2 protein chains.
Amino acid sequence: MSHTVGELLPPTRIMMTPGPSNVDPRVYRAMATPLVGHMDPWFTEMMGDVPVLLREIFQTKNKITYPISASGSGGIEAAVVNTLEPGDECIVCVNGWFSERMAVIAERTQAKVIRVEAPYGRTVDPEDVRRAGKGRKIKFVGLAHGETSSGVIQKLANYRQVADELGALMIVDAVATLAGVPLDVDHDRIDICFSGSQKALSAPPGMAPITINSRVEEIVRTRKTPVGSWYFDFTPIMSMWGGERTYHHTPPISLIYGMREALRLVAEEGLPARWARHAQNQQALIAGLEAMGIEMWVATPAERLATVTAVTIPAGIEDTKVRKQLLDEFGIEIAGGFGPGKGKAWRVGLMGYSSQNKNVLLFLAALEKVLGDQGHRVPAGAGVAAAIQSYQGAGQSSSQPVTAGAHK
Amino acid sequence: MSHTVGELLPPTRIMMTPGPSNVDPRVYRAMATPLVGHMDPWFTEMMGDVPVLLREIFQTKNKITYPISASGSGGIEAAVVNTLEPGDECIVCVNGWFSERMAVIAERTQAKVIRVEAPYGRTVDPEDVRRAGKGRKIKFVGLAHGETSSGVIQKLANYRQVADELGALMIVDAVATLAGVPLDVDHDRIDICFSGSQKALSAPPGMAPITINSRVEEIVRTRKTPVGSWYFDFTPIMSMWGGERTYHHTPPISLIYGMREALRLVAEEGLPARWARHAQNQQALIAGLEAMGIEMWVATPAERLATVTAVTIPAGIEDTKVRKQLLDEFGIEIAGGFGPGKGKAWRVGLMGYSSQNKNVLLFLAALEKVLGDQGHRVPAGAGVAAAIQSYQGAGQSSSQPVTAGAHK
């Protein structure tokens, strides 16, 4: 058989993309922990730690809070297929690639999907949602809290109010926001909120934490038709994760180990400190980029997502050349744009373990070098200087996420 | 926040269940390898190794061969929802919990599902399938090659012939067989074959390797209705894994690292040696158990699945007490029965890295001790002696799977 597939020898990367983020060494250690069977009493007890920690991070008392055995997009599918029945109507606020995906997935059911749109880089006007839903029976209003594809954050309260007026559930995609920016599921009265493991939680990709409230539980229990997907059906999973530990499918044990450790790190750092770190590192990044003459893709500062900074690529600069040089020369990965941003925007992620002052300063320095090499002069040293000034103004260095030993 | 969730300190287990199996240390090392982004050129190149190795192990030239980002049950769902359209009819051969699951998942679509049943521990009669399909337009005949729930293996050629007569596809659940018992996708003309990562492949759970032939590709491309599931839709995944590396969802990078390493181990050992190891260890196990007076659940030797040995619990013995003592005193996990086997059968897995002579001998010794402690005397030392004799008769020790260094 094939001996052409050699040893696994990946390069070392600084991941400043909108996910996956770099991962704390403690999480890798957890991932390499030898397996225990999923029906082993030790495992069925230990897995209960994950909902305990997730509830704290989602800020909810919801009983049904667990990590779906799938990527973040599996979270979208679970949220949508469990709530919609044939003939239902729903509204999806579309302002980017991932909110668009929620609409696309909802359209796979036999429900009617009303899209309320805004351009990439803008928020959806709640007034448009109100208008679209007027006089209709709307099952849910779905939206992305943070749009990974365009770097926009939306204020949940505005949509909650419209959803209340329409008697609709609110489904929130928090893939790019959970554990990176303020989010309070119970206070914001989110009915279904899901996220991804590999963003601000800084666990490896492959799980989608989700929380659903009792109103959704009731809707699922009283459905007239079965959920189209067996894999994503909430009902058996509510037993598996809800306490009875009934067998449904074999969960990704190693990913649960990694997730548990990543959640412990979030709990140790504390949400307010973690949000502040993300905000400060982004502020320093923006200060640096603007000092280099680079413009933000999202015009309104209050609408900028702290975890993903989208910028307009300077005129005359070739997107892929810059990203390739950053990767080859510095091992730094940033992302290109999606949709209308393709070739025109960069997206710089500062999420979870990747949100560190050293990454910000190195990136600004590296970008100055790369842009210069490609014939685009920027004021020498201005980016780094502005970022340092931003940190000094913030009165602290916003350095490292809390790691092992910090709480001894 | 909560500091009640302590360090991850699992017990050490010998996993003799029908999955997950123990995992080679090389695979854990791969799992702990720092992440690289899923759009990183290194990653998009490396991920191509996985289909290369999977094709060798499935024994197929199928272009579309990749690991689904879900558990083995996700493999069932993908196979079923991509092929069935509203109004279609299919036949599922049900002889246990997991073939039953295929029927249940198919019933979630709007297709008609015809179940052809056999009791747990028996094979489905191909003549029954022929009768059930007669005069009907059958989209596929689905079956479990190995039924994990009852320890039965079925001969694929018999069902292939009936499927041919019916003009139907053949979908094969090889979760419990791939890399443990002979399976040749192209020779057996399986149209869709899927497996799970955590059985005889001995990778951690969380991925479902699948292979589909060009006939299925064509069926998927010419569907009249969209696939109900976005997550499991073959079409975008065919681009993602097929070569173009188009972004669909973020794959579980660490699990792909682990899978790649586990597949390399299979390739290094070679399929014939690996099949022989599984067969010999099971023969020794059966010889030992029978010498202790324990009867096989599957009466017909040719129908016994090499990777999962189901036995009848001796009269007067309490299922859970024995399993608890094996776990507490020896760290050995075996599984109970499913359905009609619940409380009446044990299932002993010898899969992948768990299929070792040392596990067989220790288990027989431990079982003798535990049964004795619970008042059930067996001939002293007879189990271990019979197993040793079985190994000596086989002319080799069928010891360890091939590990690091073996091919230097």
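User: Where in chain A of this predicted model is the place of Pro379(A)?
Analyst: The model is a predicted one, and two helices of chain A frame this residue, namely helix H13 (357-373) and helix H14 (382-394). Pro379(A) has its place in the loop between H13 and H14 of chain A.

User: Is Pro379(A) buried or exposed?
Analyst: The count to consider is that of C-beta neighbours inside 10 Å, which for Pro379(A) comes to 12. A residue with 12 or fewer such neighbours falls in the exposed class, and therefore Pro379(A) counts as exposed.

User: Which residues does Pro379(A) touch, not counting residues up to four places away in sequence?
Analyst: One partner lies far along the chain, since Pro379(A) and Met292(A) are 87 residues apart in sequence, while their C-alpha atoms are 6.1 Å apart in space. With residues up to four places away in sequence not counted, Pro379(A) touches Ala291(A) and Met292(A).

User: How many residues of domain 1 of chain A are in contact with domain 2 of chain A?
Analyst: The domain assignment divides chain A into domain 1 (25-267) and domain 2 (271-394), and the C-alpha centres of these two domains lie 29 Å apart. On the side of domain 1 that touches domain 2, the residues divide into 12 nonpolar, 11 polar and 1 charged. Domain 2 gives 22 residues to this contact, and domain 1 gives 24 residues.

User: Which strands are the edge strands of the open sheet E11-E14-E13 of chain A?
Analyst: This open sheet has 3 strands with antiparallel pairing, in the order E11-E14-E13. E11(A) is joined to strand E14 (residues 345-349) by 5 bridges, and Thr312(A) has Ala345(A) as its bridge partner in E14(A). An edge strand here pairs on one side only, and the strands that do so are E11 (308-312) and E13 (335-336) of chain A.

User: How many residues of strand E10 (residues 208-212) of chain B are buried?
Analyst: Ala208(B), Ile210(B) and Ile212(B) point one way from E10(B), Pro209(B) and Thr211(B) point the other way, and all are buried. The strand is thus mostly covered, the buried count being 5 of its 5 residues.

User: Which strands of chain B are joined to E10(B) by bridges, and how do they run?
Analyst: Strand E2 (residues 64-68) is joined to E10(B) by 5 bridges, with Tyr66(B) having Ile210(B) as its bridge partner. Strand E9 (residues 192-194) is joined to E10(B) by 3 bridges, and Cys193(B) stands opposite Thr211(B). The strands joined to E10(B) therefore include E2(B) and E9(B), and both pairings run antiparallel.

User: What is the relation between chain A and chain B?
Analyst: Chain B can be laid on chain A by a turn of 180° and a shift of 0.0 Å along the axis, with an RMSD of 0.0 Å. Because of that turn and shift, the relation is that of a two-fold axis.

User: Which element gives the largest share of the side of chain B that touches chain A?
Analyst: The contact takes 62 residues from chain B and 62 residues from chain A. Among the elements that give two or more residues to the side of chain B are helix H1 (25-31), helix H3 (49-58) and helix H10 (253-269). By class, this side has 32 nonpolar, 19 polar and 11 charged residues. The largest share, 8 residues, comes from H10(B).

Definitions and conventions
Residues numbered from 1 in each chain as written. Chains lettered and ligands numbered in written order. Predicted model: local features only at pLDDT ≥ 70, side-chain atom pairs only at ≥ 80, totals over all residues. Contact = placed C-beta atoms within 7 Å. Helix = DSSP H or I, 4+ residues; strand = E, 2+ residues; numbered from the N terminus. Nonpolar A, V, L, I, M, F, W, Y, C, P; charged D, E, K, R; others polar. Buried ≥ 20, exposed ≤ 12 C-beta atoms within 10 Å, placed from the backbone. Domains from an automatic or database assignment. Least-squares fit on C-alpha atoms with pLDDT ≥ 70 in both. Pairing = 2+ DSSP bridges.
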